[in-house]
Amino acid sequence: MTSSKHQLSRLLIFGGFVLLALSTAISSYNYLSQDIPSGTGFSIYAQLILEALSALFAAAGWWFLSQLEAKSSVQESLLAKAYALLGLQFSASCVAHLVGAGGVIFIDRFSAPFWITALGFGVGAGGFFLTSFTMRSIDLMPPNS
């Protein structure tokens with residue numbers, strides 16, 4: 001992988017995770033400031049904690065995956081597939097957010113986390129796909145064991 005594309009893909013992935021963290025921070029502030037339009041309850045707080053943990057676990061998984069170095073073309077293809085699947089997961093999450101955008105007002109401070117999350121998933125997906133495509137062509141045939 002070329003150095004500039006490698007740096008760009010890592011920057012996009014990191015940026016996606018930063019946007020997800022920012023979205024969670026804004027949501028937390030909105031809920032904890034008690035200025036939210038509807039009441040709060042245990043489920044809201046559990047959701048905020050689980051969203052934060054989910055993003056942390058995904059970021060940690062990506063970091064460990066990025067530390068691997070392929071020793072063969074089979075391993076390189078497996079890593080490329082892993083990055084492509086992470087790109088698909090982030091893309092699916094982005095599309096799921098955008099599908100629900102019909103009732104979301106962009107200028108409202110309570111909807112900002114919604115849009116930041118969708119953007120974070122989109123940016124991260126771009127980074128994962130760029131990593132996958134620049135590693136090597138993906139061999140869809142399973143390796144001989």
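How far apart should the ends of α1 be, given its 30 residues at 1.5 Å a residue? The expected span is 44 Å, and the end C-alpha atoms of α1 are 43 Å apart, which agrees. The model on display is predicted, and the tour begins with this helix.

**First selection: α1**

Select residues 3-32, which form α1. Its buried residues are S9, I13, G16, F17, L19, L20, S23, T24, S27, S28 and N30. An α-helix has 3.6 residues a turn, so residues three or four places apart point the same way. Display the neighbouring helices as well: the cover over the buried residues of α1 includes α2, α3 and α4.

**Second selection: α2**

Proceed to residues 42-66, the extent of α2. This helix has 25 residues, and the distance from its first C-alpha to its last is 36 Å, close to the 36 Å expected. I44, L48, A55, W62, L65 and S66 are buried in α2. The partners against which these buried residues pack are α1, α3 and α4.

**Third selection: α3**

Now select residues 73-99 for α3. With 27 residues, α3 reaches 38 Å between its first and last C-alpha, close to an expected 39 Å. Its buried set consists of S77, L79, A80, K81, Y83, A84, G87, F90, S93 and C94. These residues pack against α1, α2 and α4.

**Fourth selection: the nonpolar core**

Which residues have the most contacts inside the largest nonpolar core? They are F17, W62, Y83, F90 and F128, within a core of 14 residues. Showing their side chains brings several helices into view together: α1, α2, α3 and α4 each give two or more residues to this core. The greatest contribution, five residues, is from α3.

Centre the view on F128. Apart from its neighbours within four places in sequence, F128 is in contact with I13, F17, W62, Y83, L86, G87 and F90. Of these partners, I13 and F17 are among the buried residues of α1, W62 is one of those in α2, and Y83, G87 and F90 are among those in α3.

**Fifth selection: the largest pocket**

Next, select S23, Q47, E51, H97 and T117, the lining residues that lie nearest the centre of the largest pocket. The pocket has a volume of about 640 Å³, and its lining comprises 31 residues. Two or more lining residues come from each of α1, α2, α3 and α4. The largest share, 10 residues, belongs to α2. By residue type, the lining holds 18 nonpolar, 11 polar and two charged residues.

Remain at T117, which is located in helix α4. Is T117 buried or exposed? The residue is buried, because its relative accessible area is 12%, under the 20% limit for that class. Beyond its neighbours within four places in sequence, T117 is in contact with L20, S23 and H97. Two of these partners, S23 and H97, are also listed among the residues nearest the pocket centre, while L20 and S23 are among the buried residues of α1.

**Final selection: T131 and R10**

Finish on T131, another residue of helix α4. T131 counts as buried because its relative accessibility is 5%, which is likewise under 20%. Add R10 to the selection and draw a distance between the two C-alpha atoms: T131 and R10 are 121 residues apart along the chain, and their C-alpha atoms are separated by 7.8 Å.

Technical notes:
Residues numbered from 1 in each chain as written. Predicted model: local features only at pLDDT ≥ 70, side-chain atom pairs only at ≥ 80, totals over all residues. Heavy atoms only, no water. Core = buried A, V, L, I, M, F, W, Y, C linked by side-chain atoms within 4.5 Å. Buried < 20%, exposed > 50% of the residue type's maximum accessible area, 1.4 Å probe, protein only. Helix = DSSP H or I, 4+ residues; strand = E, 2+ residues; numbered from the N terminus. Contact = heavy atoms within 4.5 Å. 1 Å grid on protein atoms, 1.4 Å probe; cavity = no way out; pocket = protein on both sides within 12 Å on 5 of 7 lines; lining within 4 Å. Points joined across faces, edges and corners; volume = space filled by probe spheres on them. Nonpolar A, V, L, I, M, F, W, Y, C, P; charged D, E, K, R; others polar. Expected span 1.5 Å × (residues − 1).
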